[in-house]
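Me: I'd like to learn to read this fold piece by piece. Could you give me the general idea each time, then the case at hand?

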Amino acid sequence: MKKLLVVDDDVIDARFVVRAFSEVGGRLEIIHVDDADIASLRLTDEAFDYVLLDINMPGISGMELLKRIRKNEKTAILPVIMLTSSMNPRDVSISYACGANAYALKPSSVSGYRTFAEGFTRFWVDVAITPAPTTAWPI
């Protein structure tokens, strides 16, 4: 089973994500952390297949965590999808410039989260070929 790390300080949004993914088939093991420092430690100690990352968090921002992920040889090619409430075009551009694989707005409804989970699963799990979680390639 593939593993998804959800990094979001908003517990309600994280619950919606977990619920939506469980409703669309439960083919992912989902781990939620509400702090970028904790996420950084988990990414160092565990293998994940995907990361859903919020930008705006207290302490270390999601953008800073994204930079750390890309600098670490173990996680440099890990698919990272920004899932955030920011519609700021600058955040979109910076996210991609820092190595995000995709950028999506947080849905505004439970059904929106389900649609997101269905689309994520359909593409990232069913279609995309991604590297093994422990594979590290020199850049």
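Reply: Let's begin with strand pairing: two strands count as paired if DSSP finds at least two bridges between them. Keep in mind that this is a predicted model. Take strand 3 (residues 50-53) and strand 4 (residues 80-84): they run parallel, and three bridges join them. Within that pairing, Leu52 has Ile81 in strand 4 as its bridge partner.

Me: And how many bridges join strand 1 to strand 3?

Reply: Four, and these strands run parallel too. Leu52 turns up here as well, as the strand 3 bridge partner of Val6.

Me: Now the whole sheet, please. What order do the five strands have?

Reply: The order is 2-1-3-4-5, in an open sheet with parallel pairing. Strand 2 (28-33) and strand 5 (102-105) are at the edges with a single partner strand each, so one side of each has no neighbour in the sheet. From one strand to the next, the twist averages 20°.

Me: Which helix lies across strands 1 to 5, and at what angle to strand 3 does that helix run?

Reply: That's helix 5 (residues 110-125). Its run is at about 150° to strand 3.

Me: How do I read side-chain directions along a strand?

Reply: In a regular strand, side chains alternate between the two faces of the sheet. Try that on strand 3: Tyr50 and Leu52 point one way, Val51 and Leu53 the other, and all of them are buried.

Me: Tyr50 leads me to the rings. What describes a pair of aromatic rings?

Reply: Two things: the distance of the centres and the angle of the planes. The count here is eight aromatic pairs. One of them is Tyr50 with Phe120, at 5.4 Å centre to centre and 80° between the planes, which makes the pair edge-to-face. That pair links distant parts of the chain, with Tyr50 in strand 3 and Phe120 in helix 5, 70 residues apart. Both Tyr50 and Phe120 are buried.

Me: How far apart are the ring centres of Phe123 and Trp124?

Reply: They're 5.0 Å apart, with 85° between the planes, so that's an edge-to-face pair as well. Burial splits the two: Phe123 is partly exposed at 42% relative accessible area, whereas Trp124 counts as buried at 13%.

Me: Which residues do the ring pairs link into a cluster?

Reply: Phe21, Tyr50, Phe116, Phe120, Phe123 and Trp124.

Me: Let's try charges. Is Lys3 buried or exposed?

Reply: The cut-off for buried is under 20% relative accessible area. Lys3 has 17%, so Lys3 is buried. This lysine is in strand 1, and its charged end sits over the ring of Phe48, 4.7 Å from the ring centre. There's also a polar contact of 3.1 Å between the side chains of Lys3 and Glu46. Setting aside neighbours within four places in sequence, Lys3 is in contact with residues including Glu29, Ile31, Asp49 and Tyr50.

Me: What about Asp54: where does this residue lie?

Reply: In the loop between strand 3 and helix 3 (62-71). Asp54 counts as buried, at 4% relative accessibility. Its side chain makes a polar contact of 3.2 Å with the side chain of Thr84. If you leave out residues up to four places away in sequence, Asp54 touches Val7, Asp8, Asp9 and Lys106, among others.

Me: And Arg27, in which loop is that residue found?

Reply: Look between helix 1 (11-23) and strand 2. At 42% relative accessibility, Arg27 counts as partly exposed. A polar contact of 2.3 Å joins the side chains of Arg27 and Asp126. Not counting neighbours within four places in sequence, the residues in contact with Arg27 also include Met1, Lys2, Thr121 and Val125. For a sense of span, the C-alpha atoms of Arg27 and Arg68 are separated by 27 Å, and these residues are 41 apart along the chain.

Me: Last one: which residue caps the N-terminal end of helix 4?

Reply: Asn88 does, with a side-chain oxygen 2.8 Å from the backbone nitrogen of Arg90; helix 4 covers residues 89-97. Just after helix 4, look for Gly99, which takes a positive phi of about 110°.

Technical notes:
Residues numbered from 1 in each chain as written. Heavy atoms only, no water. Helix = DSSP H or I, 4+ residues; strand = E, 2+ residues; numbered from the N terminus. Axes fitted to C-alpha atoms, helices over the stretch in contact; angles between N-to-C directions. Contact = heavy atoms within 4.5 Å. Phe/Tyr/Trp six-rings, centres within 6.5 Å; stacked < 30°, edge-to-face > 60°. Buried < 20%, exposed > 50% of the residue type's maximum accessible area, 1.4 Å probe, protein only. Lys NZ or Arg CZ within 6 Å of the ring centre and 35° of its normal. Polar contact = N/O pair within 3.5 Å; in protein donor to acceptor, adjacent residues only side chain to side chain.
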